[in-house]
Amino acid sequence: MYLTLVFIVMIISGTFIVLRIQASETKKSEEQLKKYAEYIYEQIVLTYDNPDDFQGGFSDLNISGMSLRAMQGNIIDTKGQTIASTMTTDKQSFPSYYNSVVSTALSGTENFNATVKNADKNGSVKTWMSYGYPADIGGKLTYAIYVQMDKEELLANLMQTKQTLMLAVLLSLLLTCVLGLLFSNTITEPISILTRKSNMLAKGNLEQQIPVKSNDEIGQLTKSFNYMARELRKTLSNMENEKNKLEILVHNMTDGVLAFDESGFLIHANSVCNDMLEIEDHYFSLVDFLTMANLTRDDLKPNQINEVTLIRGEKYIGVSFIPYKSGATATAPEIGADGYNDIDGVVVVMHDITKLKLLDNMRKDFVANVSHEIRTPLTTIKSYAETLLDGALDDREIAIDFLNTINSEADRMALLAKDLLELSRLDNKQLTFHFETVNLIQLIEDAIRQNSILLNQKKQKIIFKEPLHPQMPVFVDPGRINQVLNNIITNAIKYSMDNARIIIEAEEDEYKYYVSIEDMGMGISKEDLGRIFERFYRVDKARSRAMGGTGLGLSIAKDIMEGHNGSIVAKSELGRGTTMILVFPKGSHPAL
């Protein structure tokens, strides 16, 4: 377009120049022809009275400041005959002129013609510029002076001018091409770079920067592009960071989060939902989930949270359905075109309340067990006391037997109260441990010795497999660990048959000590094994009470071991005995 514009301007300018030169030269030639005709009129026609002397007058014609090389003069009478001419001196060879210029001059009016073809004195046809001048004598038209100028020279000059202009046009176009390339690199190349970078930016490649090479409009546009790219990167980076924070927060929540759009399609779910719902994928709709919760979509209304409890196997899941609406909060439910409440989506939050349910059940069981454990001895004490008051007190033997029973039940209640108080202190972190470094082997031997009487009563035997290294230093409260060992050993003795063997073994690895106590008792079923450390839980309730247990010993032992940063593990099969494993950390100070 730039080259075309320059070419058109040059052609128009050149044409105008040529036309102006041609008009100027034509005007100049016309003036010269008119002056030449006036000289002929003044110096020949008016000077000589005899027409025969006109021819000789051309020889004496004095024309100052004019060149006669390309000009010819003729005097023509009223009959159109040439009576004098500069072309030849032979009157017989005078040319005759019959054209409009001559006719007009003979009619008394001067006339100019820029293009007339006539033969020269050599007989060659040339292009002339002619002028006719009416010559009157005494106010009477007598002659016509016809002069002409060779136009070939003018045409040659014009042609030379045209060639010069054409050469100038070509040079201008060449210069325009060079400058166009320079302008292209200066203007179009930055625009091309901007276009390419913008396309890359639109495709997601945000690392776009363009060097600024000028301070003009292109430079300002480049600066604006660079600023836009930086701000866009910053904005998207902030959005990505916020999104990542939200994703991390949602996916690391212990609660399950589901989000459904207005059509009921699942648009977001964190990984916790899989474990809670025990599914491998999330290809279900809001309607499916509502059906699972025994709800319908009509139950979902803006500004209203629906809470239900789902039971999935052994899990209890608290589910909250939270409808949301974009924009201003609706003050009243609206019915959309689909017949449902006008909501933009639903967020579902799921809480695993299994532990809470279990704790609640344990609390209820605990209250029931405590009530039962207290009521049973109280009933016995009351009934025996009433019996004594009714007259049995008079029978010394019966009275002593009843009083022994009352005393035994009172001791049982005291033991229960003591165990409950101890559990309460353990739960509230009020029980103080007095730590010191002792030999774990010595603690085990002391516990075995303390239970020797009970062993002899049942004719049982404890086999203690001592380790290769008799020293197992542990940093513990000796009294509390002795309590744990006594509880486990006592249980092993109680629930094993007479003449049974109880095997105690102490082992160690790089980080811990292990003490296992294996009996040959009745064993524990898989259903009961996971609950033996619960408070008041008994595998065989009737037999446990008959043996004087409160059902709190293992629970207290577990809490004591955990207070020493250790643990207690039970392994058992029904009918094959039970193995209790105590785990102690090595080191001088447990993490409390």
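Helices (H or I, at least four residues) and strands (E, at least two) are DSSP runs, numbered from the N terminus. This is a predicted model, in which local features need pLDDT of at least 70 and side-chain atom pairs count only at pLDDT 80 or more, while totals for chains, interfaces and linings use all residues. Residues are numbered from 1 along each chain as its sequence is written, and side-chain values use heavy atoms, with hydrogens and water left out.

**View 1. Asp77 in strand β1.** Strand β1 covers residues 71-77 and contains Asp77. Buried stands for under 20% relative accessible area, exposed for over 50%, and partly exposed for what lies in between (1.4 Å probe, protein chains only). Asp77 is buried yet has no salt bridge; such a bridge would put a side-chain nitrogen of Lys or Arg within 4 Å of a carboxyl oxygen of Asp or Glu. The nearest side chain of opposite charge is Lys79, 6.3 Å away, where Lys and Arg count as positive, Asp and Glu as negative, and His and the chain ends are not counted. A polar atom of the Asp77 side chain lies 2.7 Å from the backbone nitrogen of Gln81. Leaving aside residues up to four places away in sequence, Asp77 touches Ile83, Leu106, Thr142 and Tyr143, contact being heavy atoms within 4.5 Å.

**View 2. Aromatic pairs on strand β5.** Rings of Phe, Tyr and Trp (its six-membered ring) pair if their centres lie within 6.5 Å; planes under 30 degrees apart count as stacked, over 60 as edge-to-face and the rest as tilted. The count by this rule is 6 aromatic pairs. One of them, Phe54 with Tyr143, is edge-to-face, at 5.3 Å centre to centre and 80° between the planes. Phe54 belongs to helix α2 (residues 54-59) and Tyr143 to strand β5 (residues 140-150), so this pair ties together parts 89 residues apart in sequence. Phe54 is buried at 1% relative accessibility, and Tyr143 is buried at 9%. The rings of Tyr97 and Tyr146 have centres 4.8 Å apart and planes at 45°, so that pair is tilted. Tyr97 sits in the loop between β2 (82-85) and α3 (100-106) and Tyr146 in strand β5, so the parts tied together are 49 residues apart in sequence. Tyr97 has a relative accessible area of 4% and is buried; Tyr146 is buried at 1%. Tyr41, Tyr131 and Tyr133 form one aromatic cluster.

**View 3. Thr115 in strand β3.** Thr115 is found in strand β3 (residues 111-119) and is partly exposed at 43% relative accessibility. Its C-alpha is 7.8 Å from that of Lys151, with the two positions 36 residues apart in sequence numbering. Not counting residues up to four places away in sequence, Thr115 touches Thr127, Trp128 and Lys151.

**View 4. Nonpolar cores.** A nonpolar core is a set of buried Ala, Val, Leu, Ile, Met, Phe, Trp, Tyr and Cys residues joined through side-chain atoms within 4.5 Å. The largest has 43 residues, and Leu440, Ile444, Ile504 and Phe584 have the most contacts inside it. Helix α12 (residues 478-494) supplies the largest share of this core, 7 residues. Apart from this core lies another, of 26 residues, among them Tyr39, Phe58, Leu61 and Val147.

**View 5. Helix α15.** Helix α15 (residues 553-563) is mostly covered, with 8 of its 11 residues buried. Among the buried residues are Leu554, Ile556, Ile560 and Met561. Asn565, just after α15, takes a positive phi of about 60°.

Methods
Polar contact = N/O pair within 3.5 Å; in protein donor to acceptor, adjacent residues only side chain to side chain.
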